[in-house]
Amino acid sequence: MYSRWALHHLPDFWKALALDRMRGILRPGGILRLMDIVYAFEPSQAEERIERWCATLPTEATTDAVWTRRDIEEHVRDEHSTFTWLLEPMIERCGFRLEQIDHSDDGIIAAYVARAV
Ligand SMILES: C[S@@+](CC[C@H](N)C(=O)[O-])C[C@H]1O[C@@H](n2cnc3c(N)ncnc32)[C@H](O)[C@@H]1O
């Protein structure tokens, strides 16, 4: 099962319910691959990290840049990306064992291989 760029649409309560339902679909040993915008930093670092992320993008859309600074600002303001240190225990609490955890160097994207236990 693969979930990419989707779980951040849900607030944490609904993320847990979604993970629980995904666990319910998988047989024991089944694999969930999850990739999303998940913040691997401390709350005190948020302003600096988000600004660093926003600064990598143009203010106006170009043929090369799908996303603009405004898109990221909107994502941070309106979507429900959470912290890795909240999501990872949540994944395990919903009946998965995290076998692979990858955080991007900028702490913005996380990818997981989780096995249903
Ligand atoms: C950014 S797109 C990612 C699409 C695709 N997974 C990809 O990797 O390109 C987010 C997807 O999440 C779905 N989505 C958003 N909120 C949802 C919800 N509450 N329940 C189910 N799917 C939802 C949207 O329909 C959309 O297809």
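A residue counts as buried under 20% relative accessible area, as exposed over 50%, and as partly exposed in between. By this scale Glu-51, at 38% relative accessibility, is partly exposed. The model described here is predicted, and the report concerns its salt bridges and its cysteines.

**Salt bridges**

A search of the whole structure returns nine salt bridges. Three of the pairs are listed below with the N to O distance of each.

| Acidic residue | Basic residue | N to O distance |
|---|---|---|
| Asp-12 | Lys-15 | 2.7 Å |
| Glu-51 | Arg-69 | 2.6 Å |
| Asp-78 | Arg-77 | 3.2 Å |

The pair formed by Asp-12 and Lys-15 lies within helix 1, which spans residues 12–25. Because the two residues are three positions apart in this helix, about one helical turn separates them. Their surroundings differ in class: Asp-12 has a relative accessible area of 27% and is therefore partly exposed, whereas Lys-15, at 2%, is under the 20% limit and so counts as buried.

Glu-51 and Arg-69 also meet in a salt bridge, with their closest N and O atoms 2.6 Å apart. This pair links distant parts of the chain, since Glu-51 belongs to helix 2 (residues 46–54) and Arg-69 to helix 3 (residues 69–78), with the two positions 18 residues apart in numbering. Glu-51 is partly exposed at 38%, and Arg-69 is likewise partly exposed, with a relative accessible area of 22%.

The side chains of Asp-78 and Arg-77 form a further salt bridge, at 3.2 Å from N to O. Asp-78 is partly exposed at 45% relative accessibility. Arg-77 reaches 58%, which is over the 50% limit, and therefore counts as exposed.

In addition to these pairs, Glu-48, Arg-49 and Arg-52 are joined in a network of salt bridges.

**Cysteines**

The structure contains zero disulfides; a disulfide would require a pair of cysteine sulfur atoms within 2.5 Å. Cys-54 is buried, with a relative accessible area of 3%. Cys-94 has a relative accessibility of 11% and is therefore buried as well.

**Accessibility of the residues discussed**

The buried class includes Lys-15 at 2%, Cys-54 at 3% and Cys-94 at 11%. Among the partly exposed residues are Arg-69 at 22%, Asp-12 at 27%, Glu-51 at 38% and Asp-78 at 45%. Arg-77, at 58%, is exposed.

Note on methods: Residues are numbered from 1 along each chain as its sequence is written. This is a predicted model: local features need pLDDT of at least 70, side-chain atom pairs count only at pLDDT 80 or more; totals for chains, interfaces and linings use all residues. Side-chain values use heavy atoms; hydrogens and water are left out. Buried means under 20% relative accessible area, exposed over 50%, partly exposed in between (1.4 Å probe, protein chains only). A salt bridge is a side-chain nitrogen of Lys or Arg within 4 Å of a carboxyl oxygen of Asp or Glu. Helices (H or I, at least four residues) and strands (E, at least two) are DSSP runs, numbered from the N terminus.
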